[in-house]
Amino acid sequence: MTDKHDCDCGCLEEENIIVLVDEEGAEHEFQIIDTIEVDGERYAILLPTDEEDDEAIILKVGTDEQGNEVYYEIEDDEEWEKVADAWQEMIEEEEV
């Protein structure tokens with residue numbers, strides 16, 4: 001059975017692949033490579049499946065009024081840095 005997530009946030013989730021729709025309506029496919037919790041909030045680390053772009057992005061995970069999972073850009077630079085640092089520490093611990 002495939003785990004699918006279809007919601008108003010513009011994403012379709014199947015296993016560890018999600019499709020996000022940007023402001024212009026273009027679809028972008030990402031692989032969820034990790035999720036972490038920082039200060040009681042959940043964040044997803046996403047890697048574009050497009051072979052031309054190999055830079056991971058971090059999005060905040062929340063829920064909408066219907067209980068569907070949604071992904072938000074992190075607009076606060078301090079919050080983004082804190083999450084990026086926490087993820088980097090996790091990676092370094094796994095390598096040891």
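**Exercise 1.** In this predicted model, determine whether Gln31 is buried, partly exposed or exposed.

*Solution.* Begin with the relative accessibility of Gln31, which is 35%. The class of buried requires under 20%, and that of exposed requires over 50%. Gln31 therefore counts as partly exposed. As to its secondary structure, Gln31 belongs to strand S4, which covers residues 27–38.

**Exercise 2.** Identify the residues that Gln31 contacts once its neighbours within four places in sequence are set aside.

*Solution.* Apply the contact cut-off, heavy atoms within 4.5 Å. With those neighbours excluded, the partners of Gln31 are Asn16, Ile17, Ile45, Leu46, Leu47 and Thr49.

**Exercise 3.** Classify Val19 by accessibility and place Val19 relative to Gln31 and Pro48.

*Solution.* First, locate Val19 in strand S3, residues 17–21. Second, take its relative accessible area, 15%. Because buried means under 20%, Val19 is buried. Third, consider the C-alpha separations. Val19 and Gln31 are 12 residues apart along the chain, with 8.8 Å between their C-alpha atoms. For Val19 and Pro48, 29 residues apart along the chain, the corresponding separation is 9.7 Å.

**Exercise 4.** Describe the setting of Glu81 in terms of secondary structure, accessibility and surface charge.

*Solution.* Glu81 is situated in helix H1, residues 77–95. Its relative accessible area is 42%. This value lies between the limits of 20% and 50%, so Glu81 is partly exposed. Finally, Glu81 is part of a negatively charged surface patch, whose members also include Asp76, Asp77, Glu78, Asp85 and Glu89. Glu92, Glu93, Glu94 and Glu95 belong to this patch as well.

How values were computed:
Residues are numbered from 1 along each chain as its sequence is written. This is a predicted model: local features need pLDDT of at least 70, side-chain atom pairs count only at pLDDT 80 or more; totals for chains, interfaces and linings use all residues. Side-chain values use heavy atoms; hydrogens and water are left out. Patches are made of residues with over 30% relative accessible area and no salt bridge: like charges are joined within 9 Å, nonpolar side chains (Val, Leu, Ile, Met, Phe, Trp, Tyr) within 5 Å. Accessible areas come from the Shrake-Rupley method with a 1.4 Å probe; for residues, only the protein chains shown count as cover. A salt bridge is a side-chain nitrogen of Lys or Arg within 4 Å of a carboxyl oxygen of Asp or Glu. Lys and Arg count as positive and Asp and Glu as negative; His and the chain ends are not counted. The place of a charge is taken as NZ of Lys, CZ of Arg, CG of Asp or CD of Glu. Helices (H or I, at least four residues) and strands (E, at least two) are DSSP runs, numbered from the N terminus. Buried means under 20% relative accessible area, exposed over 50%, partly exposed in between (1.4 Å probe, protein chains only).
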